[in-house]
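Here are a few exercises to help you find your way around a new structure. Try each one yourself, then check the worked solution.

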Amino acid sequence: MINAVYQLVAPRMIEVAYKEIDLTAGEVVMRPYKVSVCKADQRYYQGMRSPEALKAKLPMALTHECVAQVVYDPTGTYSVGDFVVPVPNTPTETDSVVAENYLRSSYFRSSGYDGFLQDFITAAPDRVVKLPSDMNMNVASFTELISVSVHAISRFDKIAHSRRNKIGIWGDGNVGYITALVMHYLYPETELYIFGTVEEKLSYFSFAKAAYHVDHVPEGISVDHAFECVGGGGCQPAINQIIDLINPEGTISLMGVSENNVGINTRMVLEKGLRLFGSSRSGVEDFAKAVELCSEHPRLVNYLDNLVGDVVRVESIPDIHRAFDLDYHRSFGKTVIDWAK
Amino acid sequence: MVFAIVLAGGKGSRMGNTDMPKQFMKLGSKPILVHTVEKFFVNSRFEKVIVPTHKSWVEHARNLITKNLGDTDKVVVIDGGETRNDTIMNAIAYIEVNYGLDDDTIVVTHDSVRPFVTHRIIDENIDFAAKYGACDTMVPAADTIVESCDGEAITSIPIRDHMYQGQTPQSFKAKRLKEIFESLTDEEKNILTDACKMYVLKGEHVHVLKGEVFNIKITYPFDMKVAQSLIGAAEDLEG
């Protein structure tokens with residue numbers, strides 16, 4: 001079967017390519033239903049990656065967050081019409097120690113491999129997670145992003161010491177909001193302190209103990225552990241503020257992506273005996289846990305629904321451009337594409 | 001019930017060195033016909049995918065389907081007819097015998113040599129045939145359309161914004177399509193090679209839906225080269 005794949009060939013230029021799908025390959029064939037735009041996609045789309053990265057990774061179809069509907073499954077694992085979330089990370093080997101999303105041999109959709117802007121998506125049955133039929137599908141479209149927070153918190157749970165009375169989350173954007181929410185539902189007893197730069201965005205964190213502007217943190221505030229969800233140029237001041245405010249032997253989970261190297265106050269890292277660990281992407285278990293969390297906590301889904309911004313029906317390539325342009329001018333929340341191409 | 005009719009009645013061509021019908025020629029890793037049938041095969045809204053084929057190629061078509069899709073009863077290859085409309089009527093007769101015809105029976109008819117058809121186009125064909133009774137897939141004409149009745153002088157140049165190029169699928173409520181076809185005289189049947197045109201001449205509404213420029217019909221060797229290069233280009237990009 002010939003599949004139409006909508007590839008970014010150069011910044012802000014999308015063309016259709018045609019690739020064969022082998023229906024006998026034992027893979028689930030799905031149709032994208034709702035697709036969510038990620039900042040990483042936006043960096044490719046706007047040409048904000050290095051010329052070397054663009055040359056190496058393009059052309060490729062963007063997006064790695066979506067809900068899809070099963071149209072054909074020769075393995076019988078799923079029923080036609082099932083709503084599912086395809087996992088963008090695809091390992092090519094198994095490792096008993098290293099998680100699938102850290103294996104250098106794994107490939108990731110919309111990072112050198114085609115993402116979900118296609119007529120059909122295919123994936124092995126074990127790379128697909130089924131959704132409950134009553135799920136809020138706009139929220140489900142960014143399950144991948146929720147799974148990234150779930151993954152970071154699972155790593156925190158393994159690495160951090162047991163005193164978890166106060167946790168700080170730096171970053172008032174989507175990742176900060178979702179990480180704080182997941183934390184709130186997994187550790188309801190823990191006090192969450194949010195640190196950001198935009199008062200309007202900070203006001204969304206009503207479930208947290210307190211939300212502070214980074215320039216106006218009251219005296220005496222400290223946290224046992226911290227998550228850095230800032231990324232970009234804001235990484236450096238954020239990490240250094242965490243180092244200042246965190247209690248000794250705390251852990252700092254680094255989640256923000258920066259194109260540049262980041263200078264951090266290692267003297268205080270050493271003096272306080274801090275542990276900094278990276279967390280990136282997620283694996284199929286994190287997806288399953290994200291779906292489970294959303295099923296168990298309808299209120300969590302209500303909070304996440306606040307993130308749904310523009311919902312753009314895409315019937316043409318110009319509609320894809322419109323969705324990315326709307327997303328680019330959005331400071332908070334997610335742009336969801338209703339895929340009708 | 002919804003049925004796909006993938007029209008594969010073409011008998012032969014000079015696409016290659018032999019007279020093999022073009023729908024059986026290979027595009028990428030599979031025959032064109034298989035690529036096209038697969039688009040309908042994976043769409044769960046279809047009860048059956050009917051492939052009317054010239055009788056001398058029926059066994060060959062069956063072999064190709066079985067080899068590529070395994071033993072499936074969702075696809076059936078039947079004898080086609082002399083003309084395009086005869087072929088569609090043969091498929092409708094098959095439906096009538098095996099399932100019966102009622103007001104909700106929909107047929108989505110498609111050229112077997114248009115393998116680039118998309119899921120959206122197929123779904124909208126089903127939806128619009130159910131809603132309007134008949135629909136046709138088309139794209140705005142890119143070239144200026146010029147009419148010349150004698151091939152020597154221009155008779156008229158219609159306004160380009162009003163001109164479209166017809167593609168397939170064309171979809172219908174099967175019972176009404178049969179009624180209209182049966183109401184035609186033999187002379188009319190010879191002239192009306194396009195099923196939608198029958199509707200238009202009878203004053204019935206045919207809804208227009210948007211096709212895709214790439215939903216090309218592989219008719220000439222040039223088209224085959226275009227199709228091969230589209231697939232080939234994609235393969236190159238994989239690397």
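The exercises below go from chain B as a whole to one of its strands, and then on to chain A and the contact between the chains. Keep in mind that this is a predicted model.

**Exercise 1. Describe chain B as a whole: what are its elements, and how compact is it?**

Step 1: Start with the elements. Chain B has eight helices and nine strands.

Step 2: Compare the radius of gyration with the globule rule. The chain comes out at 18 Å, close to the 18 Å that the rule gives for 239 residues, so chain B is as compact as a globular protein of that length.

Step 3: Add the outline. Along the principal axes, the C-alpha atoms of chain B fill a box of roughly 50 × 45 × 30 Å.

Step 4: Look inside. Of the 239 residues, 42% count as buried. Among contacts with a separation of 6 or more in chain B, 71% come from residues 24 or more positions apart.

**Exercise 2. Work out where strand β1 of chain B sits: is it enclosed or not?**

Step 1: Check burial. Six of the six residues of this strand (residues 2-7) are buried, so β1(B) is largely enclosed by the rest of the structure.

Step 2: Sort the side chains by direction. Side chains in a regular strand alternate between the two faces of the sheet. Here Val2(B), Ala4(B) and Val6(B) point one way, Phe3(B), Ile5(B) and Leu7(B) point the other way, and all are buried.

Step 3: Find the partner strands. β1(B) runs parallel to strand β6 (residues 106-111) of chain B, with six bridges joining them. It also pairs in the parallel sense with strand β4 (residues 48-53) of chain B, over three bridges.

Step 4: Zoom in on Ala4(B). Its bridge partner in β6(B) is Val108(B), and in β4(B) the partner is Val49(B).

**Exercise 3. Which residues have the most contacts inside the largest nonpolar core?**

Step 1: Name them. The core has 156 residues, and those with the most contacts inside it are Ile194(A), Ile5(B), Val37(B) and Val49(B).

Step 2: Place the core relative to the domains of chain A. Domain 1 (2-142 + 307-339) and domain 2 (147-278) both give residues to this core, so it lies between them.

Step 3: Follow one member. Leaving out residues up to four places away in sequence, Val49(B) touches Ala4(B), Val6(B), Val37(B), Phe40(B), Phe41(B), Lys74(B) and Val75(B).

**Exercise 4. Find how the two domains of chain A relate to each other.**

Step 1: Get the distance. The centres of domain 1 and domain 2 of chain A, taken over C-alpha atoms, are 29 Å apart.

Step 2: Look at the contact. Four residues of domain 1 of chain A are in contact with four residues of domain 2 of chain A. On the domain 1 side, these are two nonpolar, one polar and one charged.

**Exercise 5. Trace a sheet in chain A, then see what chain A brings to chain B.**

Step 1: Read the strand order. An open sheet of three strands in chain A runs β2-β1-β4, with antiparallel pairing.

Step 2: Find the edges. β2 (13-20) and β4 (60-61) of chain A each have a single partner strand, so one side of each is left without a neighbour in the sheet.

Step 3: Check one pairing. Eight bridges join β1(A) (residues 2-10) to β2(A); Leu8(A) has Ile14(A) as its bridge partner in β2(A).

Step 4: Turn to the contact between the chains. It takes 20 residues from chain A and 20 residues from chain B. On the chain A side, β2(A) gives the most, with five residues. By class, that side has 14 nonpolar, one polar and five charged residues.

Methods. Residues numbered from 1 in each chain as written. Chains lettered and ligands numbered in written order. Predicted model: local features only at pLDDT ≥ 70, side-chain atom pairs only at ≥ 80, totals over all residues. Domains from an automatic or database assignment. Contact = placed C-beta atoms within 7 Å. Nonpolar A, V, L, I, M, F, W, Y, C, P; charged D, E, K, R; others polar. Buried ≥ 20, exposed ≤ 12 C-beta atoms within 10 Å, placed from the backbone. Helix = DSSP H or I, 4+ residues; strand = E, 2+ residues; numbered from the N terminus. Pairing = 2+ DSSP bridges. Rg over C-alpha atoms; globule rule 2.2 N^0.38 Å. Core = buried A, V, L, I, M, F, W, Y, C linked by C-beta atoms within 7 Å.
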